[in-house]
Amino acid sequence: MRGTGAEVDGARGVFAVDSTAPGAAPRGLDAFRRGWETQIGDDVFQLPAFSPDTIADFRVKGRVAKVHGAAIADLHAASTTRTAEVTGGDQDQVAMYVVRRGAWTLGGPPGGGEQTVSAGQFLVRHVGCLSAFETSAHLTAKFFVLPPGELKPLLGNRVITGPADSAEIRLLTALTDMIHSTVADLGPAGVEAAHGALIELAKAVAKGRFDDVEPRLAPALTQAAKDLADRRLADPELSPAMLARELNVSVRTLHRAFATVGEQITTYIRTRRLQEARLALTAPSGRLSISELAAHWQFADGSHFTRAFKKHYGQTPTEYARSTRAASLSPNRHLPGHGSAESA
């Protein structure tokens, strides 16, 4: 089991816990609760009591970040989790659940019945009091606790659900991944900017659309486009127009977002395809020919691919593959005096 944390200044905090390792489960819930209370705080969200079977077998891997009054949790649960009987406990937050695998069943208000968020779905609602919940084993999900100020008027008593691959959720996911990786190092202005962008995108989820000229959203839009492009690199349809369509923005808006962070969409796609082609050139078995690589990574032909590769890496694909093979076969490559760590 592992726990890490950053110094909490009241506006931010971050911790990670992993109780999926053998023997860690009996202490897993204690570690999670301790990390939440010390790094995030009960002022954001009060963790409920859990059932005895959950306490005995809490196998969860997760990371949680706090930005002002918001908390963002990435959770991977190997075991089921259930709350004990919930009584009272006033709260005033907006909660959002984005489930990628498994299911998260939520207790509703008195007389409101249960609601289940299944794999590939999201749910967002205002929470006025503690309520019971249960998660399935093998759950992968994001859980957000958000301050109610700007969101509660948009939601009212509504519960909003939809697909987890909607444009708004794609952008929100990209933003939260960036927050997780940077929040420990952010200064006050960075924390404020991250919080503002998070609220804007949560509002977009509630409204089913986002303000595509909001400058604070440019980094999230850029990252969402990159994530989508990385999954479609071999797709012949991959283009700025396709990415814009998937993210529900105009091509002009997408170009403007990339320009804000000093990049170009087409350059990013070409660079990533060249990187993947370079990896394929050094694969231990089943190497493709230059023409096959060119076709797979959507270059016009072998000559076009070779010119692009040499311009980027300073060698042709054939030269690169040959030099890499020669280096791997050199009998002196690990000996002292031949560039090894021992000769440093």
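Which helix does Thr173 lie in? That would be helix α4, residues 167–182. Keep in mind that what we have here is a predicted model.

Let me stay with that threonine for a moment. Thr173 is buried, with a relative accessible area of 15%. If you skip its neighbours within four places in sequence, Thr173 is in contact with Arg100 and Lys142. Hold on to Lys142, please. Lys142 belongs to a salt-bridge network that links it with Arg63, Asp74 and Asp177.

Okay, on to the strand where Lys142 sits, β11. This is residues 139–146, and eight of its eight residues are buried. What covers which side? Both faces are covered: on one side you have Leu139, Ala141, Phe143 and Val145, and on the other Thr140, Lys142, Phe144 and Leu146, all of them buried.

So who pairs with β11? One partner is β4, running antiparallel to it and joined by seven bridges. If you want a register mark for that pairing, His76 has Thr140 as its bridge partner in β11. Another partner is β6, again antiparallel and again with seven bridges. There, Val99 has Ala141 as its bridge partner in β11.

Ala73 is a nice place to look at the β4 side. Ala73 lies in strand β4 and counts as buried, at 1% relative accessibility. What does Ala73 touch, once residues up to four places away in sequence are set aside? The list is Arg63, Val64, Ala141, Lys142 and Phe143. Take Ala141 from that list: the two alanines, Ala73 and Ala141, are 68 residues apart along the chain, and their C-alpha atoms are separated by 8.2 Å.

Next strand on my tour: β7, residues 103–106. This one pairs with β8, residues 115–118, in an antiparallel arrangement with four bridges. It also pairs with β10, antiparallel too, through three bridges. Thr105 is handy here, as Thr105 stands opposite Thr116 in β8 and opposite Glu134 in β10.

And Glu134 takes us to the salt bridges. The general idea, as you all know, is that side chains of opposite charge can pair when their charged atoms come close. How many salt bridges do we get in this model? The count comes to 15.

I'll pick out a few. Glu134 meets Arg82 in a salt bridge, 3.4 Å from N to O. Glu134 is in strand β10, residues 133–135, and Arg82 is in strand β5, residues 81–82, so this pair ties together parts that are 52 residues apart in sequence. Buried or exposed, then? Neither one quite: Glu134 counts as partly exposed at 35% relative accessibility, and Arg82 is partly exposed as well, with a relative accessible area of 28%.

Then there's Asp92 with Lys152, where the closest N and O atoms are 3.8 Å apart. Asp92 lies in strand β6, residues 90–101, and Lys152 in helix α3, residues 152–155, so here the pair ties together parts 60 residues apart in sequence. Asp92 is partly exposed at 39% relative accessibility, and Lys152 is partly exposed too, at 37%.

Now a local one. Glu200 and Lys203 form a salt bridge, 3.4 Å from N to O. Both lie in helix α5, residues 188–207, three residues apart, which is about one turn of the helix. And this time both partners are buried.

Last topic, the inside. Rolling a probe the size of a water molecule over the atoms shows where empty space is left. What did that turn up here? We get one cavity of 30 Å³ or more, with a volume of about 370 Å³.

Which residues lie nearest the centre of that cavity? Out of 27 lining residues, those are Phe50, Leu75, Trp104, Phe133 and Phe143. The elements giving two or more residues to the lining are α1, β4, β6, β7, β9, β10 and β11. As for chemistry, the lining divides into 22 nonpolar residues, four polar and one charged.

So if you open the model yourself, try Phe143 as a starting point. Phe143 is buried in β11, is touched by Ala73, and is among the residues nearest the cavity centre. That's it from me.

Note on methods:
Residues numbered from 1 in each chain as written. Predicted model: local features only at pLDDT ≥ 70, side-chain atom pairs only at ≥ 80, totals over all residues. Heavy atoms only, no water. Salt bridge = Lys/Arg side-chain N within 4 Å of Asp/Glu carboxyl O. Buried < 20%, exposed > 50% of the residue type's maximum accessible area, 1.4 Å probe, protein only. 1 Å grid on protein atoms, 1.4 Å probe; cavity = no way out; pocket = protein on both sides within 12 Å on 5 of 7 lines; lining within 4 Å. Points joined across faces, edges and corners; volume = space filled by probe spheres on them. Nonpolar A, V, L, I, M, F, W, Y, C, P; charged D, E, K, R; others polar. Contact = heavy atoms within 4.5 Å. Pairing = 2+ DSSP bridges.
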